[in-house]
Amino acid sequence: MAKRVLIVDDEPNIVTSLEFLIQRSGYEVRIARNGEEALAQVSAFQPDLILLDVMMPLLSGYEVCQKIRENSAWQHVQIIMLTAKGREIEATKGLALGANAYVTKPFSTKDLVAKVHELLGGTT
Amino acid sequence: MLQSWIILVVSFAYLGILFAIAYYGDKRADAGRSIISNPYIYALSLAVYCTSWTFYGSVGRAANTGIGFLPIYLGPTLMAILWWFVLRKIVRISKTYRITSIADFIASRYGKSTLLGGLVTIIAVVGIIPYIALQLKAVSHTFSILLEYPAIMMPADVDTIPIISDKTLYVAILLAAFTIVFGTRHLDVTERHEGMVAAIAFESLVKLLAFLAVGLFVTFGLYRGFGDVFAHATANDDFSALLLFNETTGSYESWAWLNFLSMLAIMFLPRQFQIAVVENVDESHINKAMWLFPLYLLAINIFVLPIAFAGLLQLPAGTIEPDYFVLALPMLHQQESLALLVFIGGISAATGMVIVETIALSTMVSNDLVMPVLLRQKWLRLTEQPDLSGLLLHIRRGTIILVLLLGYIYFRLIGSQSALVSIGLVSFAAVAQFAPAILGGIFWKGGSHSGALIGLTLGFVVWGYTLLLPSLAYTGSFWLPSSIVTEGPFGIALLRPYALFGLDGLDHITHTLIWSLLVNTGAYIGFSLSGKHSAVEHTQATLFVDIFQQSQAGGGSRFWRGTASMVDLRTLLGRFLGPSRAEEAIAGYVERRGLSNSDQLEPDAEFVHFAEMQLAGTIGAASARVMLASAVKEEPLGTSEVMQILEEASQVRAYSRQLEQKSQELEAATAELRAANEQLKELDRLKDDFISTVTHELRTPLTSIRAFSEILSDHPDLEVEQRIKFLNIIVKESERLTRLINQVLDLSKIESGNAKWNIVAVDLKEVIEDSLSSTSQLFNEKHIQLHVDLPDHVPPVKADRDRLMQVLLNLLSNAVKFCDKTKGMIAVSLHANEDSLRVDVRDNGPGIRPEDQRIIFDKFRQVGDTLTDKPQGTGLGLPISRHIINHFGGHLWVESMPDAGATFSFTLPLAAHSDQPIVCIHEQMWDATEVIDRAS
């Protein structure tokens, strides 16, 4: 059974590109447009990995990440933070909150897909 | 009942109480818990001013001259108002330079002159003798009168009684003994007399109570209050005249002069100086004394007129002198206890005066007259004596006896003929001679030694010639014929003592005052201005006049230069202070200097100055200087050097003021810089935020562009549709990126003021129509209803047409973006006001929450329906629009309620009314008529 990936971003075009890439890699994909929606999908969709944008209205990626890690049932979920803010401190903060990887926009599609593979155990 | 033994026992019991109080006061002072250190005791002790003269004499004066008794108390009341300026300064000077008497003060001020100190002492002693005589007379007369009770009669004329059986002599001897034991008990002569001050304050209380008791008895016991007394008195024409200014009560001139004289007396009587200055514990007590003392004077004078009138009305004329009405009235009404109380009150008034006056005089005589002379007598070898404090006490005791005996002699000579008050006024006139030298000395640096010396001498001579001499001549004593007074010496009428140089028709006191103060002040000023001042005079003048500035600075030590040996100085101090006190003083000095022990002391200028101050406290400034000169080798400073030091001091003061000012300016500048720095930091933080935000905004479209480019490149197998979709996204995101970059640059240009504005007269209606037509496509696509309300014609505004267009397009596209998705409606209107045009753009979207209405004008702050799509745009449109409108002198704002749409409005001033010139580089493009229009 294909592993599931949840894509969380408020930029429609970025979502489109991510959706295409991850689907092409053979994963099952769901989309969330903001933090609230993301949390709902985490319980409904039970993703194995989340591509999580940081700068979102209402609930930021950091907060979403923190809430997921607070729930013991979701400890296994892999989280890759995506952000357009490239400062060192933001990467540190993301990792400290429990993200497994941190990717700066604009990203290399190859590297991102490779990272997803790596975190999901390299099986396609 | 009033036998002599009762009177004597009560009197001695009273003196015993005084002793007890003084003893207690001294004990407390030794224990460091002063009982006199409060303003009330200070004010009460100042009432030593009220002597037998006040207690008995005022009534006598009032009975003869009515309100003529008043100036003696009005003068001091007036003077008390000036105490803060005059007395406080004298006190500060005296404390700083350890001045012990009025002679010491004058001597010290004019170059520590022994000559001047001696002269002042002589004037004081001679001048005060009549005053002492007055007290002796009052005590012995009241004693005699009381002894005759129940008969009321005057004692026999002194001339008729042999000296040996004259009670006054015994009173004098008794008072001398009392004062010696009382005031010079201590070997420790440097201390102030705390016990004495306490006893004097008590005496002031006793005499006040006794006088008030008689007053109440007479006014409310014998009569039915003040009104009744005056009613009885005014029934008699002679008596009612006493209440007016007329020949009996004295002329206005006499009144004024007596007031003036009393003003000086309260300051310069040796005993007042002693109490007010030397015994002052705390400068701030003057503050309260300034009103308490006049209050005391008022209280002790309030019954003077009623008693005087009652005496005149009830006591048969000729039986008793009015001076003794106070005592005679209770006797007349068989009030024995009251009479005894009055007698005790009289004793307190007299003893208080005698004690303080003789102690003050004895200090002056020993310090300023005898010691300086003795110390110069090499053959006495005094300077080699190990301890001279005993000798000092002997001199003082001798002085006390001498002064009282002189007082007695004066009484024998003239006492029986004159009333109490006229005797006292002679003394007042004598001490008034100190006024020019002291007042000039503390306020005028120009006052010189020769001026003071000659002025005092002349004033004293005139006083002696016009007041003392005639009073003696009238009695025929000293072989002086009374014709000197009536016809002038050698028959020269111009030199008659009571009408000098033909100045006639004044009372004797006024006459003396006018002449003596005229020559005194004239000589003081004249010789001060014309003579040369020595170095030490310059020094002292500055130290005195600038006392309030000097206190903080180095003081007197700055003016000393020389060499001294520590051993000599220590020996010298030991000799006058007593060895143990000297060591104590040095130990205190060592501690103040912060040294660990006295071996570290250097005989430097400061120590020499300290030693001199210590000596001055014991033997007076002038003697101290003489003594010091024997122990140290001084290199005298020249006048020019002293002037240089003073000059430097004032330069240092000016410099320090400048420094203070500079440092304040510096502080202010620092504060400004700090504020500016904070502002810069804030700006820097804002810039950081801005750059961070801009980067974020740039990265977002870039992310899409790169991602789709890579997808297209990596997946050549993509279907055409998808390929076209992705390419379209790349194009859109590239456009977005371009737009963003343009707007950032645009905003930065506007904010930095580098934007170019093509300002012309613009028809706003036309601009609105143009912008509507260019967005009509958008309205149609989204099926948005458009309501337009434009007037036919509006006056022009001054603006850049393209920029206005930019603002309108921004507002319209925002409205389209946010208006209702299905039933979109937008209304655009334009109105002309009196001096401006107003544009409103209204949508029917979700509206903007009040808390967001401000932040939407911030950069990159977008607010929208965030649950759905992110609003498209850069977040820079509104900030740029606001900048543009502000630049044209208008305002841009929003009014909105949640769920009720939003209205963005702006105003622009009409071209004819825009009163602020619009700064732009295209200004020269305006045509001349427009400029004229604007000016009109």
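Here is a short walk through a predicted model with chains A and B, one selection at a time.

**Stop 1: the sheet of chain A**

Start by selecting the strands of chain A that line up as S2-S1-S3-S4-S5. You're looking at an open sheet of five strands, paired in the parallel sense. Now pick out strand S2 (28-32) and strand S5 (101-104) of chain A: these stand at the edges with a single partner strand each, so one side of each has no neighbour in the sheet. Turn the view a little, and you can follow the twist: neighbouring strands here are turned by 20° against each other on average, direction ignored.

Next, zoom in on strand S1 (residues 4-8) and strand S3 (residues 49-53) of chain A, a parallel pair held over four bridges. Select A:Leu6, and opposite, in S3(A), you'll find A:Ile50.

Keep S1 on screen and add helix H2 (residues 35-45) of chain A. This helix lies across S1 and S2 of chain A, running at about 170° to S1(A).

**Stop 2: where the chains meet**

Show both chains now. How many residues of chain A are in contact with chain B? There are 18, and they meet 17 residues of chain B. On the chain A side, helix H1 (residues 12-24) gives the most, with seven residues. Colour that side by class and you get ten nonpolar, four polar and four charged residues.

**Stop 3: chain B as a whole**

Hide chain A and take in chain B, which has 35 helices and nine strands. Of its 936 residues, 45% count as buried. Among the contacts in chain B between residues at least 6 apart in sequence, 82% join residues at least 24 apart.

**Stop 4: the sheet of chain B**

Select the strands in the order S4-S6-S7-S9-S8 of chain B, an open sheet of five with mixed pairing. Strand S4 (785-789) and strand S8 (891-896) are at the edges here; each has a single partner strand, so one side of each is left without a neighbour in the sheet. From one strand to the next, the twist averages 15°.

Follow S8(B) to its partner, strand S9 (residues 902-909) of chain B: the two run antiparallel and are joined by six bridges. For one bridge, click B:Leu892, whose partner in S9(B) is B:Phe906.

Then add helix H33 (residues 801-818) of chain B, which packs on the sheet and touches strand S6 (825-832), strand S7 (836-843) and S9. The direction of H33 makes about 20° with that of S7(B).

**Stop 5: two helix pairs in chain B**

First, show helix H7 (residues 114-147) and helix H8 (residues 167-183) of chain B, which pack at about 125° with their axes 9 Å apart. That angle makes H7(B) oblique to H8(B), and the crossing is right-handed. Residues to click at the contact include B:Val139 and B:Phe143 of H7(B), along with B:Val171 and B:Ala172 of H8(B). By class, this contact has five nonpolar, three polar and two charged residues.

For the last view, switch to helix H5 (residues 87-96) and helix H13 (residues 270-278) of chain B. Their axes are 9 Å apart, at an angle of about 75°, and the two helices are therefore roughly perpendicular to each other. Select B:Leu87, B:Ile90, B:Val91 and B:Ser94 on H5(B), then B:Ala276, B:Val277 and B:Val278 on H13(B), to see what makes the contact. Six of these residues are nonpolar, one is polar and none is charged.

Definitions and conventions: Residues are numbered from 1 along each chain as its sequence is written. Chains are lettered from A and ligands numbered from 1 in the order in which they are written. This is a predicted model: local features need pLDDT of at least 70, side-chain atom pairs count only at pLDDT 80 or more; totals for chains, interfaces and linings use all residues. Two residues are in contact if their C-beta atoms, placed from the backbone, lie within 7 Å. Ala, Val, Leu, Ile, Met, Phe, Trp, Tyr, Cys and Pro count as nonpolar, Asp, Glu, Lys and Arg as charged, and the others, Gly among them, as polar. Two strands pair if DSSP finds at least two bridges between them. Axes are lines fitted to C-alpha atoms, for helices over the stretch in contact, and angles run from 0 to 180 degrees between N-to-C directions. Angles under 35 degrees count as roughly parallel, over 145 as roughly antiparallel, 65 to 115 as roughly perpendicular and the rest as oblique. A crossing is left-handed if the near helix is turned anticlockwise from the far one by less than a right angle, and right-handed if clockwise. A residue is buried if 20 or more other C-beta atoms lie within 10 Å of its own, exposed if 12 or fewer, and partly exposed in between; C-beta atoms are placed from the backbone.
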